[in-house]
Amino acid sequence: MAFTVVYDACVLYPAPLRDLLIRIANTGLVRARWTDRILDECFQSILEKRPDLKPER
């Protein structure tokens, strides 16, 4: 039985940590979950660090 874990914005961005944690979830060791609010926070952090990106993208 896999544990359910909530991935917060601080682990979804930066990308290398997100990649590792998603790969772990893909093995079935854990069930990764997040909310729309967490994703919004993650996207906001990305846009703050990458002003060259547009929110529409």
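This is a short talk on the fold, core, surface and charged pairs of one protein chain.

Hi everyone, thanks for having me. One thing before we start: what you see above is a predicted model, so please keep that in mind throughout.

Let's begin with the overall layout. The protein chain has three helices and two strands. Reading from the N terminus, the order of the elements is β-α-α-β-α. If you lay the chain along its principal axes, the C-alpha atoms fill a box of roughly 40 × 20 × 15 Å. Of the contacts with a separation of 6 or more, 65% are between residues 24 or more positions apart. The accessible surface comes to about 4700 Å², and carbon and sulfur atoms hold 58% of that. As for burial, 19% of the 57 residues are buried.

So, on to the inside. Which residues make up the largest nonpolar core? There are ten: Tyr7, Ala9, Leu12, Leu21, Ala25, Val30, Ala32, Ile38, Cys42 and Ile46. Several elements share the job here, with at least two residues each from α1, α2 (15–26), β2 (30–33) and α3 (36–49). The element that gives the most is α3, with three residues. As general background, nonpolar side chains in soluble globular proteins tend to be buried together.

If you'd like one core residue to click on, try Ala32. Leaving out residues up to four places away in sequence, Ala32 touches Val5, Tyr7 and Ala25. Two of those partners, Tyr7 and Ala25, are themselves listed in the core.

I mentioned Cys42 a moment ago, and that brings me to the cysteines. How many disulfides does a search of the whole structure find? Zero. Why does Cys10 not bond to Cys42? The closest cysteine sulfur to that of Cys10 is the one in Cys42, and at 9.8 Å it is too far for a bond. To count as a disulfide, the two sulfurs would have to be within 2.5 Å. The surroundings of the two cysteines are worth a look as well: Cys10 is exposed, at 52% relative accessibility, whereas Cys42 is buried, at 3%.

Now let's step to the loop between β1 (3–6) and α1 (9–12), where we find Asp8. Is Asp8 buried, exposed or something in between? Asp8 counts as partly exposed, with 35% relative accessibility. Setting aside its neighbours within four places in sequence, Asp8 is in contact with Ile38 and Glu41. There is also a nice sequence-versus-space example here: Asp8 and Leu39 are 31 residues apart in sequence, yet their C-alpha atoms are 8.3 Å apart.

The start of the chain offers a second example of that kind. Met1 sits in the segment before β1, and Met1 is exposed, with a relative accessible area of 98%. From Met1 to Arg31 there are 30 residues in sequence, and 9.7 Å in space from C-alpha to C-alpha.

Staying on the outside, where is the nonpolar surface patch I wanted to show you? Leu17, Leu20, Ile24 and Leu29 form it, and together these residues have about 330 Å² of accessible area. Leu17 is one to pick out: Leu17 belongs to helix α2 and is partly exposed, at 32% relative accessible area.

Last topic: charges. Side chains of opposite charge can pair when their charged atoms come close. In this structure there are two salt bridges.

One of them is between Arg23 and Asp19, whose closest N and O atoms are 2.9 Å apart. Both residues lie in helix α2, four residues apart, which is about one turn of the helix. Arg23 is exposed, at 52% relative accessible area, while Asp19 is partly exposed, at 37%.

The other one joins the side chains of Asp52 and Arg50, at 2.7 Å from N to O. Here Asp52 is partly exposed, with 48% relative accessible area, and Arg50 is partly exposed too, at 37%.

To wrap up, then: a β-α-α-β-α chain, a largest nonpolar core of ten residues, zero disulfides and two salt bridges. Thanks for listening, and I'm happy to take questions!

How values were computed:
Residues numbered from 1 in each chain as written. Predicted model: local features only at pLDDT ≥ 70, side-chain atom pairs only at ≥ 80, totals over all residues. Heavy atoms only, no water. Buried < 20%, exposed > 50% of the residue type's maximum accessible area, 1.4 Å probe, protein only. Contact = heavy atoms within 4.5 Å. Core = buried A, V, L, I, M, F, W, Y, C linked by side-chain atoms within 4.5 Å. Patch = residues over 30% accessible without salt bridge, like charges linked within 9 Å, V, L, I, M, F, W, Y side chains within 5 Å. Areas by Shrake-Rupley, 256 points an atom, 1.4 Å probe, with all protein chains shown as cover. Salt bridge = Lys/Arg side-chain N within 4 Å of Asp/Glu carboxyl O.
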